[in-house]
Amino acid sequence: MAEVSNRQVILRDYVMNGLPKESDFELRSSKIRLSVAQGSKTVVVKNLYLSCDPYMRIRMRNSIGSYFAPFTPGSPITGRGVAKVIDSGHPNYKKGDLVWGMTGWEDYSLITEPETLFKIEDTDVPLSYYTGILGMPGLTAYAGFYEVGSPKEGEYVFISAASGAVGQLVGQFAKLKNCYVVGSAGSKEKVDLLKDKFGFDEAFNYKEEHDLDKALKRCLPDGIDIYFENVGGKMLDVVLLNMRLHGRIPVCGMISQYNLEETEGVHNLFCLITKRVRMEGFLVRDYFAMYPKYQDMVLPLIREGKITYVEDIAEGLENAPAALIGLFSGRNIGKQVVLVARE
């Protein structure tokens, strides 16, 4: 089969500190053969949707000891996405199959480890959902809340970055558990979304609060049983003061720290002892075996309208860098997705 043109999003060089810029990336064209080699178990896919996720900022650094390998400057960046199989040497996949998993930020990708992909069987929901509620962010919310957070009926739950890809789901899962749910976000539009669309009991704009401790005491006067941690820094410090006895803190991310040259310290860790709080970090890949169980739970909720999901879709691979960078200034409303191609 003849080679075709393949646009790729390239990271020019590592971005060690500060906010990444569009000029840190370039759109480059290469060539790719849309067929696999004889005897190979690789898969060639056409990318349809790409997922913009905060952890990708960590991969822009040449960091030692990170849980994810850094991107390679001069090469296409990678992330999770939804794709259509063009050719396959792997017995589990055939031409026309829809999949989600790790892929390149490019029009077409050669997947050398197709066993890491998830086949998409249910297509009565938007395909883009497999970058979010039916993909990595959805499983992250499920595992973090249910497995790490160990919620009980009627508990008090606080979620930071609550309108994002993960937070909006944690809040809705908590409401299904009859919890009292409060979220923080960075704009009035997002705060309204939390209360009007996702059913949060209360929400506040952290940028407009001069005293975060007072904001938490106003919204959660009886304290917090579960804090779903997405931001770190000053928010984590003040939450520790407001935790209830035997509270739990699933640590999903710390987006406020990703662009800092020197990360902020946390001063109130002694509260973990006095309040017997369990604070536990987790990675979604440790829970991939639970994905079928999660799907069985969430698909009926989507179909019955008992859970909703908001996406912010940028169209065109050429707009992917701007979409990714927008995560770190809060420009997106809901899950940030890049539409590369329609089927």
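In which loop does R276 lie? This and the following exercises concern a predicted model, in which local features need pLDDT of at least 70 and side-chain atom pairs count only at pLDDT 80 or more, while totals for chains, interfaces and linings use all residues. Residues are numbered from 1 along each chain as its sequence is written, and side-chain values use heavy atoms, with hydrogens and water left out.

**Exercise 1. Locate R276 and describe its backbone and exposure.**

Step 1. R276 is found in the loop between α7 (270-274) and β13 (278-281). Helices (H or I, at least four residues) and strands (E, at least two) are DSSP runs, numbered from the N terminus.

Step 2. The phi angle of R276 is near 55 degrees, a positive value in a residue other than glycine.

Step 3. With a relative accessible area of 46%, R276 is partly exposed. In this scheme buried means under 20% relative accessible area, exposed over 50%, and partly exposed in between (1.4 Å probe, protein chains only).

Step 4. N178 also has a positive phi, of about 60 degrees, although it is not a glycine. N178 belongs to the loop between α3 (167-176) and β9 (180-185).

**Exercise 2. Describe the interface of domain 1 and domain 2.**

Step 1. The domain assignment, whose bounds come from an automatic or database source, gives domain 1 as 3-132 + 310-339 and domain 2 as 137-285. Their C-alpha centres lie 29 Å apart.

Step 2. In domain 1, 21 residues are in contact (heavy atoms within 4.5 Å) with 19 residues of domain 2.

Step 3. The buried area between the two domains is about 1600 Å², and carbon and sulfur atoms give 57% of this area. Buried area is the accessible area (1.4 Å probe) that two parts lose on being put together, summed over both. Of the area that domain 1 buries against domain 2, Y67, V310 and I333 supply 31%, more than any other three residues.

Step 4. Across this interface the rule finds 0 salt bridges, a salt bridge being a side-chain nitrogen of Lys or Arg within 4 Å of a carboxyl oxygen of Asp or Glu. The side of domain 1 that touches domain 2 has 9 nonpolar, 8 polar and 4 charged residues. Here Ala, Val, Leu, Ile, Met, Phe, Trp, Tyr, Cys and Pro count as nonpolar, Asp, Glu, Lys and Arg as charged, and the others, Gly among them, as polar.

**Exercise 3. Examine salt bridges of the structure.**

Step 1. The structure holds 21 salt bridges. Side chains of opposite charge can pair when their charged atoms come close.

Step 2. D122 and R303 form one salt bridge, with the closest N and O atoms 3.0 Å apart. This pair links distant parts of the chain, 181 residues apart: D122 is in the loop between β7 (118-119) and α2 (136-148), and R303 is in helix α8 (residues 291-303). D122 is partly exposed at 22% relative accessible area, and R303 is partly exposed at 44%.

Step 3. K21 and D24 meet through their side chains in a salt bridge of 3.9 Å, N to O. K21 is partly exposed, at 47%, whereas D24 is buried, at 14%.

Step 4. Between K306 and E304 the closest N and O atoms of the salt bridge are 3.2 Å apart. K306 counts as exposed, at 53% relative accessibility.

Step 5. A network of salt bridges links R7, D107 and E318.
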